[in-house]
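Me: Please take one part of this model and go through it closely, starting from its charged side chains and moving on to the packing around one helix. Keep it plain, and tie each step to the residues concerned.

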Amino acid sequence: MFCISKELAINEEINVKEVRLLSETGEQLGIMSSKQALEIASDKNLDLALISPNAEPPVCRIMDYGKYKYEQARKEKEAKKKQKTVNVKEVRLRPGIGDNDLKTKANQAAKFLQKGDKVKVELRFRGRELGHKDIGKEVMMNFIGMLKEFGEPTKAPKFEGNNMVAIIDPKK
């Protein structure tokens with residue numbers, strides 16, 4: 001019997017001959033047949049749960065299975081609350097972008113960084129613009145310079161096809 005899922009085998013689902021039994025407080029009650037262990041658990045109006053199926057003999061515990069599942073669900077919910085998801089926002093630029101447009105995009109990126117999001121800056125080259133990569137690099141460095149107080153680039157600007165891409169992380 002191999003139990004991969006989080007679900008424990010309980011009561012009649014346990015199909016092994018002998019088990020090592022633990023009481024609800026955790027003290028060992030010894031090795032006995034699974035039928036005998038099930039009788040002890042049912043006398044106490046509790047469930048018999050197989051907690052370690054790979055041990056020799058397998059280990060079972062007397063517990064209130066409904067309460068156990070409730071506690072596990074609560075722990076998972078608490079863990080989810082504490083976890084923070086990182087969003088990546090994208091800002092697109094062009095090599096011939098005007099100064100005011102660049103400032104507007106920088107202000108938008110600064111708002112994203114202040115919220116704690118990462119910003120992916122993508123500078124797109126089209127047609128003849130590819131012959132002037134130096135202008136694009138200058139625009140990208142100017143943009144990153146505008147955002148210095150809000151975040152720092154984790155990835156230096158590099159080319160991916162016809163785009164120059166940089167990622168900026170928020171300052172902590």
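Reply: In this predicted model, the charged end of Lys 133 sits over the ring of Phe 159, at 4.5 Å from the ring centre. Rings also meet one another here, in two aromatic pairs.

Next come the contacts between opposite charges. Side chains of opposite charge can pair when their charged atoms come close. The structure has eight salt bridges. A network of them links Glu 90, Arg 92, Glu 122 and Arg 124. Within that network, Glu 90 is bridged to Arg 92, with 3.2 Å between the closest N and O atoms. Glu 90 is partly exposed, because its relative accessibility is 38%, a value in between the limits of 20% and 50%. Arg 92 is also partly exposed, at 46%.

Arg 92 has a second bridge in the network, to Glu 122, where N and O are 4.0 Å apart. This pair joins distant parts of the chain: Glu 122 belongs to strand β7 (residues 118-124) and Arg 92 to strand β6 (residues 88-93), a separation of 30 residues. Glu 122 has a relative accessible area of 7% and therefore counts as buried, the limit being under 20%.

Another bridge joins Arg 94 to Glu 129, with an N to O distance of 2.7 Å. Here too distant parts of the chain are linked, since Arg 94 lies in the loop between β6 and α3 (99-115) and Glu 129 in the loop between β7 and α4 (133-146), 35 residues apart. Arg 94 is partly exposed at 29%, and Glu 129 is partly exposed at 23%.

Now the helix. An α-helix has 3.6 residues a turn, so residues three or four places apart point the same way. In helix α1 (residues 34-43), the buried residues are Ser 34, Ala 37 and Ala 41. Viewed down the axis of α1, these buried residues fall within an arc of 60°, so they line one face of the helix. The face turned away from that buried side carries Lys 35, Glu 39 and Asp 43, which are exposed. Just after α1, Asn 45 has a positive phi of about 55°.

What lies over the buried face? The cover of the buried residues of α1 includes strands β2 (18-22), β3 (28-33), β4 (47-52) and β5 (59-63). These four strands take part in an open sheet of five strands, ordered β1-β4-β5-β2-β3, with mixed pairing. At its edges stand β1 (9-10) and β3, each having a single partner strand, so one side of each lacks a neighbour in the sheet.

Strands of a sheet pair through backbone hydrogen bonds, either parallel or antiparallel. For β2 and β3 the sense is antiparallel, and the pairing runs over five bridges. Across this pair, Glu 18 stands opposite Ser 33 of β3. Edge strand β3 thus meets β2 through those five bridges, and both strands are among the elements that cover the buried residues of α1.

Conventions: Residues are numbered from 1 along each chain as its sequence is written. This is a predicted model: local features need pLDDT of at least 70, side-chain atom pairs count only at pLDDT 80 or more; totals for chains, interfaces and linings use all residues. Side-chain values use heavy atoms; hydrogens and water are left out. A salt bridge is a side-chain nitrogen of Lys or Arg within 4 Å of a carboxyl oxygen of Asp or Glu. Buried means under 20% relative accessible area, exposed over 50%, partly exposed in between (1.4 Å probe, protein chains only). Helices (H or I, at least four residues) and strands (E, at least two) are DSSP runs, numbered from the N terminus. Rings of Phe, Tyr and Trp (its six-membered ring) pair if their centres lie within 6.5 Å; planes under 30 degrees apart count as stacked, over 60 as edge-to-face and the rest as tilted. A charge sits over a ring if NZ of Lys or CZ of Arg is within 6 Å of the ring centre and within 35 degrees of the ring normal. The arc is that of the directions from the helix axis to the C-beta atoms. Contact means heavy atoms within 4.5 Å. Two strands pair if DSSP finds at least two bridges between them.
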